[in-house]
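I opened the model today to look up a few things, beginning with its aromatic rings and then turning to a helix and the chain as a whole. My notes follow in the order in which I checked them.

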Amino acid sequence: MLIDLTIGVLSGCKDVPAVSELSPQTNKISESADNELFIFTGDQLFNKRYTKEKNFDKLIGHFIRKRFPEIKIKHVQWDNPGRRYEDLIAAGTIPDIILEDARRNTYRSIRKNNLEWDMTELVKKYNFDTGKLDPAWLRQSVNSSDGKLYSLPFEGSDYLLYYNKDIFDKFGVDYPKPGMTYDEIYELAKKLTRQEGEITYKGFQQHPAYYMTYNQLSEPALDPEEDKASMVSDKWVKIVDNLRRFYDIPGNQFTTVKDFPRGHMAMAVDVEESLVGWMQTKNLNFDVTSVPVFAEAPEAKYQPYSVGAFITNQSKKKDHAFQVIAYLLSEEVQIERAKQGISSPLLSPAVQQAYGQGLPELKGKNLQSLFALKSAMPAPRKPGLTFIDPKTSSVFEPLIFKESKDSQTALRMVQDQMNKAIQEAKDMEKQGMGNPHL
């Protein structure tokens, strides 16, 4: 399959810069009439960390200036109004580098605006070692690139199981550990879901939308070989029933994982970014461990929730842009970024050990549980097929939570909705009207 072939070809490259694009005297990018690189940090759904310029400078800008002092950096963060893709294009100011949600926004933003460009030849030219990248993250980029490589995985957001130590202590229950199965966590949830006076203690909360979209069994929502949905399968029933049983525990109905800091929730699966925010909550005594796993996939956490680094088709400085991206993906830089609590696509033990070391408020938390499991591999998909944003979350909300549908019916209804959306998208694109389901 082309996707596997692409990854296989790229994985043989090594992380060594090509001398032809470097000044032999300084080992720096050669001066040119205009050495400004325009970096656009896009509409990253989970990640607004670059909204403040000081954060961009701390996490990206100063690394570039240190390694390439001759490059001038222009940075714009996606915003409304005036700083969206259509605004930049209308003004004729196309970025050289874009950081963007790889799974969804490669289609919705990059390809929709004809900004995509295959980086494969530059990967070979500069001997960039894609073998140092998490293969699941790389597959995510290739899947959304029609078998090419429109982006290199740059950063991401991972999920953890947060647990309230005081609730566990109160009810005499052992803390959860890395590698626990959903069956084991379910038993804990039953013990910890209790009513005491006016207080309801919820045992476990996990957001169905992310659980489904990035499911740990790598079950595809879109058929890998045909232009149709793929929501009706034994695996999908297993995935749905596995989570559904938690919300059938009396008193443990789904509300939101964001209620965890209120102190009446024993366990919640949420993004790593909540670590710092929840540390500010007074009297919240919590720690973290790895997410629960399926018995048949004992080492698999969520599929990657990743941001890719793109070089635009319109850029006149593609070589410079690639060298900057390659440097930002070096172990040297990724260690420093990991210290600030940013998940890296590198498989480097040194990067993993550095995670959170620059955030003293996280001292004592089991941060290495982030790396106890491996990212589930996104299912490959044949190039050229229609992409829609799969509405897998509709299975739970509204069909199960509000309409009490059985799992098979809910999955079938969502499959029908998705097939209709795929056909509408194909019809609209034939008419040159774009895809309305991104």
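**Aromatic rings.** Before counting anything I fixed the rule: rings of Phe, Tyr and Trp, the last by its six-membered ring, pair if their centres lie within 6.5 Å, and planes over 60 degrees apart count as edge-to-face. I also kept in mind that this is a predicted model.

I applied that rule and the count came to 29 aromatic pairs. One that I looked up is formed by Tyr182 and Tyr211, which are edge-to-face, with 6.1 Å centre to centre and 80° between the planes. I noted that this pair links distant parts of the chain, since Tyr182 belongs to helix H8 (residues 182-192) and Tyr211 to helix H9 (residues 208-213), 29 residues apart.

Are Tyr182 and Tyr211 buried or exposed? I found that Tyr182 is buried and that Tyr211 is buried as well. I then followed the rings outward and found one aromatic cluster formed by Tyr182, Tyr186, Phe204, Tyr211, Phe246 and Phe294.

**Helix H16.** I next took helix H16, residues 407-430, whose 24 residues reach 35 Å from the first C-alpha to the last, close to the 34 Å expected at 1.5 Å a residue. At its N-terminal end I found Asp406 acting as a cap, with a side-chain oxygen 3.2 Å from the backbone nitrogen of Gln408. After the helix comes Gly432, for which I read a positive phi, near 75°.

Which residues of H16 are buried? I listed Ser407, Thr409, Ala410, Leu411, Val414, Gln415, Met418, Ala421, Ile422 and Ala425. I set beside this list a reminder that an α-helix has 3.6 residues a turn, so residues three or four places apart point the same way. Looking for what covers the buried residues of H16, I found that the cover includes helix H10 (234-247) and helix H15 (396-400).

**The whole chain.** Stepping back, I counted 16 helices and 13 strands in the protein chain. The radius of gyration is 23 Å, close to the 22 Å that the globule rule gives for 438 residues, so the chain is as compact as a globular protein of that length. Along the principal axes, the C-alpha atoms fill a box of roughly 75 × 55 × 45 Å.

I also noted that 55% of the 438 residues count as buried, and that, among contacts between residues at least 6 apart in sequence, 77% join residues at least 24 apart. The accessible surface comes to about 18900 Å², and 49% of that belongs to carbon and sulfur atoms.

Methods:
Residues are numbered from 1 along each chain as its sequence is written. This is a predicted model: local features need pLDDT of at least 70, side-chain atom pairs count only at pLDDT 80 or more; totals for chains, interfaces and linings use all residues. Side-chain values use heavy atoms; hydrogens and water are left out. Helices (H or I, at least four residues) and strands (E, at least two) are DSSP runs, numbered from the N terminus. The expected span of a helix is 1.5 Å times one less than its number of residues. Buried means under 20% relative accessible area, exposed over 50%, partly exposed in between (1.4 Å probe, protein chains only). Contact means heavy atoms within 4.5 Å. A polar contact is a pair of N or O atoms within 3.5 Å; within protein, one must be able to donate a hydrogen and the other to accept it, and residues adjacent in sequence count only if both atoms are side-chain atoms. The radius of gyration is taken over C-alpha atoms; the globule rule is 2.2 Å times the number of residues to the power 0.38. Accessible areas come from the Shrake-Rupley method with a 1.4 Å probe; for residues, only the protein chains shown count as cover. Rings of Phe, Tyr and Trp (its six-membered ring) pair if their centres lie within 6.5 Å; planes under 30 degrees apart count as stacked, over 60 as edge-to-face and the rest as tilted.
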